[in-house]
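Here are my notes on the model you sent, set out as numbered points so that each can be checked against the coordinates. Please read them with the structure open beside you.

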Amino acid sequence: MHRGRHRPPLRRGISNLCYTEAVISIVLPTYKEAENLPHVTRAIADALAGRDWRYEILFVDDDSQDGSEEIGAKLAETNPVRVIVRRGERGLATAVIHGIEASVGDVIVVMDADLSHPASVIPEMVERLQTGESDFVLGSRYVEGGTVHDDWSLFRKLNSVIPSLLARPLCHLKDPMSGFFAVRRSEIPDSSVLSPIGYKVALEIFVKGNFQRAIEVPIHFADRQYGESKLTLKEQLNFLRHLVRLYRHKLGAPS
Ligand SMILES: Nc1nc2c(ncn2[C@@H]2O[C@H](COP(=O)(O)OP(=O)(O)OP(=O)(O)O)[C@@H](O)[C@H]2O)c(=O)[nH]1
Ligand SMILES: [Mg+2]
C-alpha cells in the first residue's frame, strides 16, 4: 500500500499548521459518532499542538445519517479533517483499510472515534516509529501501566480477554484486540492480501504483515461517553470467522 507519495496539500486555508518531515494520517472509522467527532478532533489537535508535524484526520463514515457528514464538513473548515462516506457498505475493518488507501501520510495512526483511545499517546507512537525503535506500535490495555475503567463487569473483561487468548498463537501481542495502532505506510501489507471480517483490523495487519519490532505502549482505555457501542453478537461471531481465516493464513492453508 504505497499510495499518497505525492503529498498533496491537506486543506487550503489552514495556515496555522507548520509542516515539515512527517506526514501523519490519523484514520478513524465512524458509525453514528456525530457527537464524538468534535471532541476527538479537538483531542487530536491538542495532542499534536506544538509538534512540527503535518497531519490529517480522516473519518471513514459508513453513511451514519446522524449528521456526521455535516459536522465533519464544518470541522474541516478549521481543522485538517476529511470525511469519507461509504454508502451501501458497513464494517469497521474494511472502513479502516479504505481510509488508509485514501490517506496521504507516511505514518498511519488508526484509532476509534468514541474517545476510548487517548489521543495524547499519538506523539509517542509516532516517535517510536520515527526513531526506528519499532515498526508496529500498539496502544495496549494489558501491558504495565495500561488500564481499563474500574467498573468493567466480569462479562466485559472476559469478552476482552478470551478473544485475546484465542489470538495468542497468531501473535505475541498482549492486547491484539486493540484498535489503536501506528505503522509506517510502507510496511502495511498490500490491500489485496488484507481480507478482514468485522472488527479486528490491527490483528489482520499484524498477522499478514512482516513486523519485526512490535511494541505496545500502555493506554488507559476510557469508556465511551456519547453514542452507543456497535459491538454486537454478530461482530463477535465475525471475529471467530476472522480468526479461522488468520489461522489458515498463518498455517499456509488455502482459505
Ligand atoms: N465505518 C465504520 N465504523 C464503525 C463500524 N462499526 C463500528 N465503527 C467504529 O469503530 C469504532 C469502535 O466501535 P465501538 O462501537 O466503539 O466498539 P467497541 O469499542 O468495541 O465498543 P464500546 O466499548 O462499547 O465502545 C468507533 O469509532 C465506531 O464508530 C462500521 O460498521 N463502520
Ligand atoms: Mg468503543
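**Notes on the ligand shell, the sheet and the helix contacts**

1. In the shell around ligand 1, the residues divide into eight nonpolar, four polar and eight charged. The model is a predicted one, and the composition of this shell should be read with that in mind.

2. As to which residues come nearest, Pro 29, Ala 95, Ala 113, Ser 229 and Lys 230 do so among the 20 residues around ligand 1. Two or more residues of the shell are given by each of strand 1 (23-30), strand 2 (54-61) and helix 3 (92-102). Strand 1 provides the largest share, namely three residues.

3. The strands deserve a look as a set. Seven of them form an open sheet with mixed pairing, and their order across the sheet is 3-2-1-4-7-5-8. At the edges stand strand 3 (81-85) and strand 8 (214-218), each of which pairs on one side only. From one strand to the next, the twist averages 20 degrees.

4. Two of the strands that contribute to the ligand shell are also paired with each other, since strand 1 and strand 2 run in the parallel sense over eight bridges. Within this pair, Ile 24 stands opposite Tyr 55 in strand 2. Helix 1 packs on the sheet and touches strand 1, strand 2 and strand 3, its direction making about 160 degrees with that of strand 2. Helix 2 likewise packs on the sheet, touching strand 1, strand 2 and strand 3, but here the angle given is with strand 3, at about 155 degrees.

5. Strand 7 (residues 181-184) has antiparallel pairings that can be followed on both sides in the strand order. With strand 4 (residues 107-110), strand 7 pairs in the antiparallel sense over four bridges, and the bridge partner of Val 109 in strand 7 is Ala 182. Strand 5 (residues 136-140) is joined to strand 7 by three bridges, and these two strands also run antiparallel; in this case Leu 138 stands opposite Phe 181 in strand 7.

6. How do the two helices that pack on strand 1, strand 2 and strand 3 lie with respect to each other? Helix 1 (residues 36-48) and helix 2 (residues 68-75) pack at an angle of about 30 degrees, and their axes are 9 Å apart. Angles under 35 degrees count as roughly parallel, so helix 1 is roughly parallel to helix 2. The crossing in which helix 1 passes helix 2 is right-handed. On the side of helix 1 the contact is made by Leu 37, Pro 38 and Thr 41, and on the side of helix 2 by Ser 68, Ile 71, Gly 72 and Leu 75. By type, the residues of this contact divide into four nonpolar, three polar and no charged.

7. A further helix pair is formed by helix 6 (residues 201-208) and helix 7 (residues 233-251), which pack at an angle of about 10 degrees with their axes 10 Å apart. This angle makes helix 6 roughly parallel to helix 7. Leu 203, Val 207 and Lys 208 of helix 6 make the contact with Leu 246, His 249 and Lys 250 of helix 7. The residues of the contact divide into three nonpolar, one polar and two charged, whereas the contact of helix 1 with helix 2 has no charged residues.

Definitions and conventions. Residues numbered from 1 in each chain as written. Chains lettered and ligands numbered in written order. Predicted model: local features only at pLDDT ≥ 70, side-chain atom pairs only at ≥ 80, totals over all residues. Axes fitted to C-alpha atoms, helices over the stretch in contact; angles between N-to-C directions. Parallel < 35°, antiparallel > 145°, perpendicular 65-115°, else oblique. Left-handed = near helix turned anticlockwise from the far one by under 90°. Contact = placed C-beta atoms within 7 Å. Nonpolar A, V, L, I, M, F, W, Y, C, P; charged D, E, K, R; others polar. Near = placed C-beta within 6 Å. Pairing = 2+ DSSP bridges.
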